[in-house]
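Here is a short report on one protein model. Keep the structure open as you read, and find each part as it is named.

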Amino acid sequence: MSEYSWPGENGRSVPDAASAWAETVRVLPVGTRVTGEVVGRQPFGVFLSIDGCPDAVGLARIDRRPRCMELPAVGERVTGEVVWHAEHNHQVGVVLGEWADHEDLLPSFRVGQVVGGRITKIAAIGVFVRLADCVEGLVPLTRPPASAEVFREGQEVFVTLVAVDHERNRILLAEPRPS
């Protein structure tokens, strides 16, 4: 099975969302907390079968998904909040709770800042340091791998931010110091 599918391709019948649209909007106003099952998955988001509303089609679009999180798999149970209604295709827009509650920390990092982190990997190109949930930076090797001899995976260190590339989601770090 492909990683992407439409709701009708997963053994579930496609609801008649058009005939149930007025009732769907009535029982699922913006702000309503919902729970449901992922019934389809596309690059732009996931389709949901919303509990208690068998004819509703929910769509959680990726325009509000944190960069480090994956789309939920077909069959996975999710929770979220209704944020819009699209009458033209009879869809209920949902922001998934896991996405809404996840803070995007990359913008808070600034060049010159010294932060603590944990070494996650020592590779030929350098040392990777986790600075926060979903935020890792790289200390590139500038000389023979002395870092590999001094540092180990899991070790807590302090690093200085040398460059923060918000568009490519990358952080360049200076040589770590043990904490």
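## A hairpin to start

In this predicted model, Gly45 stands opposite Arg61 in E3. That facing pair belongs to a larger match: strands E2 and E3 pair in the antiparallel sense, over five bridges. The two strands form a hairpin, and six residues lie between them. Look for Gly52 in the turn. Its phi is positive, at about 80°.

Now stay with E3, which covers residues 57-61. Is this strand enclosed or open? Four of its five residues are buried, so E3 is largely enclosed by the rest of the structure. For this count, buried means under 20% relative accessible area.

## The closed barrel

E2 and E3 are part of a closed barrel of five strands. Follow the order E1-E2-E3-E5-E4. The pairing is mixed. On average, neighbouring strands of this sheet are turned by 50° against each other, with direction ignored.

Two pairs show what mixed pairing looks like. Strand E1 (residues 33-42) meets strand E4 (residues 77-86) in the antiparallel sense, over five bridges. Here Arg33 stands opposite Glu81 in E4. E3 and strand E5 (residues 91-96) pair in the parallel sense, over two bridges. In that pair, Leu59 stands opposite Gly93 in E5.

## Asn10 and its contacts

Next, go back along the chain to Asn10. This residue sits in the segment before helix H1 (21-27). What does its side chain reach? A polar atom of the Asn10 side chain lies 2.6 Å from the backbone oxygen of Val39. The backbone oxygen of Trp6 is 3.4 Å from a polar atom of the Asn10 side chain.

## The largest pocket

Val39 appears again here. The largest pocket has 15 lining residues, and Val39 is among those nearest its centre, along with Pro7, Val14, Pro15 and Val57. The space inside is about 190 Å³.

Which element gives the largest share of the lining? Strand E2 (residues 45-50) does, with three residues. By type, the lining has nine nonpolar residues, five polar and one charged.

## Strands around E6

Move further along the chain to strand E6, residues 114-123. E6 has two partners to look at. With E9 it runs antiparallel, joined by five bridges. In this pair, Val115 stands opposite Val159 in E9.

The other partner is strand E7 (residues 126-132), which also runs antiparallel to E6 and is joined to it by five bridges. Lys121 stands opposite Phe128 in E7. A hairpin of two residues links E6 to E7.

## The second largest pocket

Phe128 returns in the second largest pocket, as one of its lining residues. Glu136, Gly137 and Leu138 also line this pocket. So do Ala163, Val164, Asp165, Arg170, Ile171 and Leu172. Which elements give two or more residues to this lining? They are strand E8 (135-140), strand E9 (156-165) and strand E10 (170-173).

The volume of the second largest pocket is about 150 Å³. Its lining divides into six nonpolar residues, one polar and three charged.

Terms used
Residues are numbered from 1 along each chain as its sequence is written. This is a predicted model: local features need pLDDT of at least 70, side-chain atom pairs count only at pLDDT 80 or more; totals for chains, interfaces and linings use all residues. Side-chain values use heavy atoms; hydrogens and water are left out. On a 1 Å grid over the protein atoms alone, a cavity is a set of points where a 1.4 Å probe fits but cannot get out, and a pocket is an open set with protein on both sides within 12 Å along at least five of seven lines; lining residues have an atom within 4 Å of a point. Grid points are joined across faces, edges and corners, and a volume is the space filled by probe spheres set on the points. Ala, Val, Leu, Ile, Met, Phe, Trp, Tyr, Cys and Pro count as nonpolar, Asp, Glu, Lys and Arg as charged, and the others, Gly among them, as polar. Two strands pair if DSSP finds at least two bridges between them. Axes are lines fitted to C-alpha atoms, for helices over the stretch in contact, and angles run from 0 to 180 degrees between N-to-C directions. A polar contact is a pair of N or O atoms within 3.5 Å; within protein, one must be able to donate a hydrogen and the other to accept it, and residues adjacent in sequence count only if both atoms are side-chain atoms. Buried means under 20% relative accessible area, exposed over 50%, partly exposed in between (1.4 Å probe, protein chains only).
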